[in-house]
Amino acid sequence: MSATESRPTAETAEGPATAATSQATKETLEDYTLRYAPRSYRRWTPMVVATTALGGIAYMADFSIGAGIGLAHGTGNALVAIAVAAVVIFVTGFPLAYYGARYNIDLDLITRGSGFGYYGSVLTSVIFASFTFIFFALEGSIMAQGLRLGLGLPLWLGYLVSTLMVIPLVIYGMKALSKLQVWTTPVWLVLMVGPLVYLVAADPGTVDHFLSYAGTDGDGGVNTASVLLGAGVCLSLIAQIGEQIDYLRFMPPRTEANQRRWWTAVVMAGPGWVVLGALKQAIGVFLAVYILASAGPSVAPEPIQQFKGAFDAMLPSWLVVPLAVVLVVISQIKINVTNAYSGSLAWTNSFTRLTGRYPGRMVFVLVNLGFALALMEADMFSFLNGILGFYSNCAIAWVVTVATDIGVNKYLLQLSPHAPEFRRGMLHPVNPVGVVSFVAASGLSIAMYFHAFGDTLQPYSPVAAAVIAFALTPLMAVVTKGRYYLRRTDDGIPEPLLDQDGNPSGTGYDCHVCHQTYERPDVTACATHGAVVCSLCLSTDRVGDHVLPASGEPVA
């Protein structure tokens, strides 16, 4: 049933259902925010989903990140740092992407059942929301630089324009996003790759100059400290897998007929995003070195200047600036629509769980944009590497904890349930497995980043975040014997969650609170009404009238 077909809501323990509850139901059914994405909604082919997901990584930040590392530490250190970060991101992203695509839930819902608990994952929702507004601000800054160059707009006005222009696009969810990403991706690819191919073909000497660049802080050699400092900045992008999963959750069921296409799409658009990301970072180093002599070190990390310099070598002068601005604007729109969308989901999810109220996703679109605009006006671009280096410690601790829980605790130790669980009443409020591992890993690595353990260890903070999270997550599962994963083992509905192919069941059930039909994974039995209740109505049940008791016994 579509959102526009919703019926009047029923009575709840709090009295007549309010208009706000009805609005929450309608809005979440637009693209299943905060929910399991049902089989009936997932009409896209694996390749359409993959193309849409990959369209979201058209951001220009990679060029700035690569340029910043390369200019500081030299090409050799930068390329090794980019490769190291890419391997870590791919390995940790794979289990998360698989779970999102296989069970059709976003990263927050995965995190709940993978070591954090129903309320414990609010910590990581805030980390993810922070990722979206930090990178929105970075992309908005890049677009403002383009608007200043092309149209003469002052930066403060460019920041405002880049913020406001995404609002109409982000309102409409997955349906609008899929069309935007599919149709703009070919243009973006041509504009990005064309200049690089031309420069290398026209002047092969640029490659030698690029490879021999020593950096302002280096001597041309590769050393561990420089590599790890660079990798730490790149690893701030590890949380990008959350935005990829926001699309991958709409994958169709995996069957014998489509499994090759299904796996190709999941790997390509899941952890595979980092392959393109790493290439863009390396291109950023190349372009920054190429324009360094003419543009100077202060603006060489700016993508608009990098592509202006590249287009200068191959196009008539009258076309250079307009084309560079078009590339920057397309890239900014493609990624910042995704940043605004995913960030609003993360904030809304956290607020709804903590308060039992659903204020509307649009409220948190504006909140997220407000944070991003404040960062832009504070000129975050000038201290970019510092922000990303600090943030990466939190992001690494979170992603490695969840990936380890899936790969080790679920499949090797078998202490964590294989099928993901996210519904209130089925999970403990807090699971110490993930929460303790995450807090310890992020806290110690941040302390290390701020030189608490001396200057020698400071570059190793990303390594510490990953190692501590990887070691503590299975250790905590063994110590707690896995007893904090599930509050109940039975949700009161006889039908299994998964069908014979291991896909979530498509059987529909009517929620007795909001009177909508939801598929099997999104509902449980109601504790007091002898009926079925959906996950959102459970989340907004402030008196706990519908929440099942902490018991493994079937509901009567």
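**How two helices meet, and what is buried**

Me: Which residues of H16 meet which residues of H17?

Reply: In this predicted model, Asn-339, Ala-340, Tyr-341, Gly-343, Ser-344, Leu-345, Trp-347, Thr-348 and Phe-351 of H16 meet Arg-361, Phe-364, Val-365, Asn-368, Leu-369 and Phe-371 of H17. Sorted by class, the contact of H16 with H17 holds 9 nonpolar, 5 polar and 1 charged residues.

Me: How do you describe the packing of helix H16 and helix H17?

Reply: Two packed helices are described by the angle between their axes together with the distance between those axes. For helix H16 (residues 317-355) and helix H17 (residues 361-377), the angle is about 115° and the axes are 8 Å apart. The crossing in which H16 passes H17 is right-handed.

Me: Why is Gly-140 called buried or exposed?

Reply: Buried means a relative accessible area under 20%, and Gly-140 has a value of 0%, so Gly-140 is called buried. This residue lies in helix H6, and, leaving aside neighbours within four places in sequence, Gly-140 is in contact with Tyr-159, Ser-162, Gln-332, Asn-336 and Met-376. The C-alpha atoms of Gly-140 and Leu-375 are separated by 9.9 Å, although these residues are 235 residues apart along the chain.

Me: Why does Ser-40 get its own label, buried, partly exposed or exposed?

Reply: The label "partly exposed" covers values between the 20% limit for buried and the 50% limit for exposed; the relative accessible area of Ser-40 is 41%, and therefore Ser-40 is partly exposed. Ser-40 is placed in the loop between helix H1 (19-31) and helix H2 (46-55), and its C-alpha atom is separated by 8.6 Å from that of Glu-519, which is 479 residues apart from Ser-40 along the chain.

Me: What makes up the largest nonpolar core, and which residues have the most contacts inside it?

Reply: The largest nonpolar core has 128 residues, and Leu-96, Phe-135 and Trp-398 are those with the most contacts inside it. Helix H6 (residues 122-151) gives the most to this core, with 14 residues. Apart from this core lies another, of 17 residues, among them Cys-511, Val-513, Leu-536 and Val-547. As for Leu-96, its contacts beyond four places in sequence include Leu-107, Ile-241, Val-399 and Ile-406.

Me: How do you know where the predictor's confidence is under 50, and what is its mean?

Reply: The pLDDT stays under 50 over residues 1-20, for which the model has 32 contacts beyond four places in sequence. Over the chain, the mean pLDDT is 85, and 89% of the residues reach 70 or more.

Notes. Residues numbered from 1 in each chain as written. Predicted model: local features only at pLDDT ≥ 70, side-chain atom pairs only at ≥ 80, totals over all residues. Heavy atoms only, no water. pLDDT = per-residue confidence, 0-100. Contact = heavy atoms within 4.5 Å. Core = buried A, V, L, I, M, F, W, Y, C linked by side-chain atoms within 4.5 Å. Buried < 20%, exposed > 50% of the residue type's maximum accessible area, 1.4 Å probe, protein only. Helix = DSSP H or I, 4+ residues; strand = E, 2+ residues; numbered from the N terminus. Axes fitted to C-alpha atoms, helices over the stretch in contact; angles between N-to-C directions. Left-handed = near helix turned anticlockwise from the far one by under 90°. Nonpolar A, V, L, I, M, F, W, Y, C, P; charged D, E, K, R; others polar.
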